[in-house]
Amino acid sequence: MHPELFSIGPITVHSYGLMIAIGMLAAILTGTFRAKRKGLSQNIVWGIALFGILGGMVGAKLLFYILDIERIIQDPSILLDFGNGFVIYGGIIGGILAAWLYCRKKKTAFVPYLDLLLPSVSIAQGFGRIGCFLAGCCYGRETDSWLGVIFPAESLAPEGVALIPTQLISAAGDFTIAVILMLMARRQKYDGQITENFLLFYGVGRFAVEMLRNDPRGAVGILSTSQLISVFIVATGVVWKIWNSKKRKITA
């Protein structure tokens, strides 16, 4: 639970950044390994990974700017802080859009690669949430239960009070989703099957975890911004599943 792990001369290694790097590496390695087993191009996977990471970083930062616009108006210097302030949903959306553009440029079918890589995305998210825990961001509500975690003074979380470790709950959920999707992929029946289930699992899980969080973040009415996005994500998964079901019946 320390934002800064160690320093080498002028370079400081931050726990959040290290976990993000480990997550990206794990995602790429699992993606390329599974691509070979599924007969998909490892070169395409590397290309998607590169574009997806860049698009994800841009998307995560843009959504942060949108959600924190009032604070940015008061303090424009926030725009120059490129090391902090990322929103996961923006990263997912930006990464998927960038990957789609890459596949379109390569004239390669997008959905099979999306099915392949979304379990890897869940793995990356899991490591990212561990990074959140180490940094103290995305913290939960105060609690008297045995689950409570007291963060140190240098953490981004409030000090001296026991908080629900929503970061670790999210990480466990992300890793679980990755395992379930990879098991489902072994008996995959049609393109889009893994994607639609990722949308359902992640959307529902994120909506639930948001109810336990207590860090400052945007809201729309009674819902947090991420909960509102989760509603649309789940709805997209349901519509996609129904559409695939009807398409399979027509072609059967």
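**View 1. Cys 103 is a buried residue in this predicted model.** Its relative accessibility is 1%, so Cys 103 counts as buried. One of the residues that Cys 103 touches is Ile 48.

**View 2. Ile 48 and its contacts.** Leaving aside residues up to four places away in sequence, Ile 48 touches Ile 53, Ala 99, Tyr 102, Cys 103, Tyr 113 and Leu 117. Ile 48 also belongs to the largest nonpolar core, where it is among the residues touching the most other members.

**View 3. The largest nonpolar core has 28 residues.** Look for Val 45, Ile 48, Tyr 89, Tyr 113, Leu 116, Phe 198 and Tyr 202, the members that touch the most others. Which helices each supply at least two residues of this core? They are H2 (42-67), H4 (88-105), H5 (110-135), H6 (166-185), H7 (193-210) and H8 (225-251). Another core, of eight residues, lies apart from this one and includes Phe 133, Leu 134, Tyr 139 and Leu 163.

**View 4. Cys 132 and Cys 137 do not form a disulfide.** Cys 132 has a relative accessible area of 3%, so this residue is buried. Why is there no bond to Cys 137? The closest cysteine sulfur to that of Cys 132 is in Cys 137, but the distance is 3.7 Å, too far for a bond, because a disulfide needs the two sulfur atoms within 2.5 Å. A search of the whole structure likewise finds zero disulfides.

**View 5. Leu 50, Phe 51 and Leu 54 make a nonpolar surface patch.** Here we turn to the surface. The patch covers about 290 Å², and one of its residues, Leu 50, lies in helix H2.

Terms used: Residues are numbered from 1 along each chain as its sequence is written. This is a predicted model: local features need pLDDT of at least 70, side-chain atom pairs count only at pLDDT 80 or more; totals for chains, interfaces and linings use all residues. Side-chain values use heavy atoms; hydrogens and water are left out. A nonpolar core is a set of buried Ala, Val, Leu, Ile, Met, Phe, Trp, Tyr and Cys residues joined through side-chain atoms within 4.5 Å. Buried means under 20% relative accessible area, exposed over 50%, partly exposed in between (1.4 Å probe, protein chains only). Helices (H or I, at least four residues) and strands (E, at least two) are DSSP runs, numbered from the N terminus. Contact means heavy atoms within 4.5 Å. Patches are made of residues with over 30% relative accessible area and no salt bridge: like charges are joined within 9 Å, nonpolar side chains (Val, Leu, Ile, Met, Phe, Trp, Tyr) within 5 Å. Accessible areas come from the Shrake-Rupley method with a 1.4 Å probe; for residues, only the protein chains shown count as cover. A salt bridge is a side-chain nitrogen of Lys or Arg within 4 Å of a carboxyl oxygen of Asp or Glu.
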